[in-house]
Amino acid sequence: MQRLLATGGDLALLGLALAALATVAGRSFWMLDLASHFQHYYAWAAGLLLILNLVLRRRRAALVSVALLGLAAFHLLPYYLPRSEVAGAGVPYKAMLLNLNLHNQKTAAVRAEIAANDPDILVLQEVTPRWRDELKALPAGFKHSLDLPERGAFGMWILSKFELEDQDVQRRDGVAFLLLKYQVEGRTLAVVALHPLPPVGAAASRTRNAILADAAVNAAGEGGRIAIGDFNCSPWSPYFRHFLKVSGLRDSALGRGVHGTWMGGLLPGIPIDHVLVSPDIEVLDREVGNDVGSDHRAVVVKFQFSKQP
């Protein structure tokens, strides 16, 4: 029995090591990038293998387990280390993101989730003509609405309680991303809303990466900025890190743990729905929403400006 456990542990360590190497090499091949999305799974697996190897008194295998656990922790710790947020000078606002799922039929649950959070910026994705019709009676108070429903999975709808300064719709391979500017507290708040293709093949991955790159450039600049959407990309992907570097934004989830937003269930979901903010925006709170019939959960971020304009 001990030999069987040792053999199984070695095979699991080998698989975990290969996954870790794939994470590092994510830019070289689209399938390798997919391996980056499961760092929380790798941490649990490495921890269990460490316990197993300690019980079996297999020192070398235990050291390998520690190394793999440390590598996963390197990716995860920024999301668990507490951040000190500076008290902002303005009033708090809310940004809410929800991928509706075009096949979802639970309209009442979606309406209730939106009403309960009462966002100042609401971004809905996978908006079909049916969803557009069924959500006409959203809570009052939105001053601006830009809807681009589609029969496929890439329709989008953004609503805001802020005064609109400017808006633009850009497309890459037929997939839209939205560029909006709002007037808030005497300053401009730029919002980039995006939903690139899922990386389910080499061509789709290239398109996703190109949309992320284009959106990152448009999200860069000075002043208050938010990028929001289902990125079809986890925080540990090299393409997500590139987005942060080019845009100068940070993940609102930092210091608040890793919470899956897609395909949650018996196992933890994958965090692919993101709200990113500029340095002059302080995140007061961040929550992942309830089950509303979609394969995604809403992301709701409470924020304020850190200084006067």
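Which side chain meets that of Lys143 in a salt bridge? In this predicted model, the partner is Glu163, with a distance of 3.4 Å from N to O. The two residues belong to distant parts of the chain, since Lys143 lies in the loop between α6 (129-134) and β3 whereas Glu163 lies in strand β5, 20 residues apart. With a relative accessibility of 55%, Lys143 counts as exposed, while Glu163, at 45%, counts as partly exposed. The elements that this pair connects lead into the two sheets described below.

The sheet that contains β3 is open and has six strands, arranged in the order β3-β4-β2-β1-β12-β11 with mixed pairing. Its edges are formed by β3 (144-148) and β11 (281-288), each of which pairs on one side only. On average, and with direction ignored, neighbouring strands of this sheet are turned by 10° against each other. Strands of a sheet pair through backbone hydrogen bonds, and the pairing can be parallel or antiparallel. Both senses can be followed here: β1 and β2 are joined in the parallel sense over five bridges, whereas β11 and strand β12 (residues 299-305) are joined in the antiparallel sense over seven bridges. Within the parallel pair, Leu97 has Val123 of β2 as its bridge partner; within the antiparallel pair, Asp285 has Lys302 of β12 as its bridge partner.

Strand β2 is mostly covered, with five of its five residues buried. Ile121, Val123 and Gln125 point one way from this strand, Leu122 and Leu124 point the other way, and all are buried. Helix α5 (residues 107-117) lies across β1 (93-99), β2 (121-125) and β12, and the helix runs at about 165° to β1. In the loop between β2 and α6 is found Thr128, which is likewise buried, with a relative accessible area of 7%. When neighbours within four places in sequence are left aside, the contacts of Thr128 are with Leu102, Pro149, Glu150, Arg151 and Gly152.

A further open sheet of six strands follows the order β5-β6-β7-β8-β10-β9, again with mixed pairing. In this case the edge strands are β5 (163-172) and β9 (250-251), and each pairs on one side only. Strand β6 (residues 175-184) and strand β7 (residues 187-194) run antiparallel and are joined by eight bridges; in this pair, Lys181 stands opposite Ala190 of β7. Packed on the sheet is helix α7 (residues 202-219), which touches β5, β6, β7 and β8 (224-230) and whose direction makes about 20° with that of β6. Helix α8 (residues 238-247) lies across β7, β8, β9 and β10 (273-277), and the angle at which this helix runs to β10 is about 20°.

Side chains of opposite charge can pair when their charged atoms come close. The count of salt bridges in the model comes to ten, and the pair of Lys143 and Glu163 is one that meets this rule, with a cut-off of 4 Å between nitrogen and carboxyl oxygen. Another salt bridge is formed by the side chains of Asp33 and Arg208, at 2.8 Å from N to O. This pair also links distant parts of the chain, with Asp33 in helix α2 (residues 30-34) and Arg208 in helix α7, 175 residues apart. Asp33 has a relative accessible area of 2% and is therefore buried, and Arg208, at 1% relative accessibility, counts as buried as well. A salt bridge also joins the side chains of Arg187 and Glu185, where the distance from N to O is 3.7 Å. Here Arg187 is buried, with a relative accessible area of 9%, whereas Glu185 is partly exposed, with a relative accessible area of 27%.

The surface of the model also includes a nonpolar patch of about 320 Å², made by Leu14, Leu18 and Leu21. Of these residues, Leu14 is found in helix α1 (residues 2-24).

Key: Residues are numbered from 1 along each chain as its sequence is written. This is a predicted model: local features need pLDDT of at least 70, side-chain atom pairs count only at pLDDT 80 or more; totals for chains, interfaces and linings use all residues. Side-chain values use heavy atoms; hydrogens and water are left out. Two strands pair if DSSP finds at least two bridges between them. Helices (H or I, at least four residues) and strands (E, at least two) are DSSP runs, numbered from the N terminus. Contact means heavy atoms within 4.5 Å. Axes are lines fitted to C-alpha atoms, for helices over the stretch in contact, and angles run from 0 to 180 degrees between N-to-C directions. Patches are made of residues with over 30% relative accessible area and no salt bridge: like charges are joined within 9 Å, nonpolar side chains (Val, Leu, Ile, Met, Phe, Trp, Tyr) within 5 Å. Accessible areas come from the Shrake-Rupley method with a 1.4 Å probe; for residues, only the protein chains shown count as cover. Buried means under 20% relative accessible area, exposed over 50%, partly exposed in between (1.4 Å probe, protein chains only).
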